[in-house]
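Hi,

Here is the structure I promised to send over. Have a look at it first, and then read on for my notes.

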Amino acid sequence: ADLEDIKARKSEWDEQHDQSMREVFASHIVQRELWKRGIDDQVQTLKNRHSRREKKLDEFALRESTLMEEIRSMQQQTKEYQREMDELDQKEKQEDEEIAALALQIKATVSKRSFMRNML
């Protein structure tokens with residue numbers, strides 16, 4: 001019976017000890033859980049920020065790509081317009097030369113007629 005009493009007392013003491021430890025560490029456990037939740041919240045906040053930043057970076061990259069394509073297109077248009085202007089300038093020079101040649105022919109013809117009238 002002594003062994004049974006000792007086992008019963010040990011079991012009783014173990015239970016009292018466990019209860020005491022729970023009471024002693026309860027505050028610590030609660031504080032640790034609150035701290036852990038706070039850390040989890042901070043991690044989630046940082047993940048959300050990171051996700052938003054990644055999304056903005058993707059948007060900026062897409063916008064940059066679009067703008068670069070627009071720039072290339074405008075540069076191509078500028079080259080085409082320059083080519084057209086050069087062609088128009090060349091045509092204008094040719095027309096000016098033709099006009100000058102016609103003016104000389106007209107002048108020569110007028111001079112010739114005047115000369116012929118004077119001869120008569």
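Below is what I found, going from the whole chain down to single residues.

One thing up front: this is a predicted model, so please read everything here in that light.

**Overall form**

The secondary structure is quickly told, with 1 helix and 0 strands in the chain. The radius of gyration is 50 Å, whereas the globule rule gives 14 Å for 120 residues, so the chain is more spread out than a compact globule. Along the principal axes, the C-alpha atoms fill a box of roughly 170 × 20 × 5 Å. If you want a single pair to check on screen, try I6 and L46: they are 40 residues apart along the chain, and their C-alpha atoms are separated by 56 Å.

Helix 1 runs over residues 2-119. Does its length fit or clash with what its residue count predicts? At 1.5 Å a residue, its 118 residues should span 176 Å, and the end C-alpha atoms are 168 Å apart, which agrees. The helix does have a kink of about 45°, though, and F25 is at the centre of that kink.

**Surface**

How much of the chain is buried? Buried residues make up 0% of the 120. The chain exposes about 12000 Å², and 55% of that area is supplied by carbon and sulfur atoms.

F25 turns up again here: together with M21, V24 and I29, F25 forms a nonpolar patch on the surface. The accessible area of these residues together is about 350 Å². V24, which lies in helix 1, has a relative accessibility of 56%; the cut-off for exposed is over 50%, so V24 counts as exposed. I6 is also placed in helix 1, and its 53% relative accessibility puts I6 over that cut-off too, so I6 is exposed as well.

**Salt bridges**

Searching the whole structure gives 3 salt bridges. As background, side chains of opposite charge can pair when their charged atoms come close. Here are the pairs:

- D14 and K10: the closest N and O atoms of this salt bridge are 2.9 Å apart. The two residues are 4 apart in helix 1, which means they are separated by about one helical turn. D14 is partly exposed at 35% relative accessibility, and K10 is partly exposed with a relative accessible area of 47%.
- R72 and E69: in this salt bridge the closest N and O atoms are 3.4 Å apart. Both residues lie in helix 1, 3 residues apart, about one turn of the helix. R72 has a relative accessible area of 43% and counts as partly exposed; E69 has 46% and is partly exposed too.
- E33 and R32: the closest N and O atoms are 3.9 Å apart in this salt bridge. E33 is partly exposed, with a relative accessible area of 32%, and R32 is partly exposed at 44%.

Why does the spacing in the D14–K10 pair suit a helix? Being 4 residues apart in helix 1, D14 and K10 are separated by about one helical turn. An α-helix has 3.6 residues a turn, so residues three or four places apart point the same way.

If you only have a minute, I would start with the kink centred on F25 and the nonpolar patch that F25 forms with M21, V24 and I29.

Cheers

Technical notes:
Residues are numbered from 1 along each chain as its sequence is written. This is a predicted model: local features need pLDDT of at least 70, side-chain atom pairs count only at pLDDT 80 or more; totals for chains, interfaces and linings use all residues. Side-chain values use heavy atoms; hydrogens and water are left out. Patches are made of residues with over 30% relative accessible area and no salt bridge: like charges are joined within 9 Å, nonpolar side chains (Val, Leu, Ile, Met, Phe, Trp, Tyr) within 5 Å. Accessible areas come from the Shrake-Rupley method with a 1.4 Å probe; for residues, only the protein chains shown count as cover. A salt bridge is a side-chain nitrogen of Lys or Arg within 4 Å of a carboxyl oxygen of Asp or Glu. Buried means under 20% relative accessible area, exposed over 50%, partly exposed in between (1.4 Å probe, protein chains only). The expected span of a helix is 1.5 Å times one less than its number of residues. The bend at a residue is the angle between axes fitted to the seven residues ending there and the seven starting there. The radius of gyration is taken over C-alpha atoms; the globule rule is 2.2 Å times the number of residues to the power 0.38.
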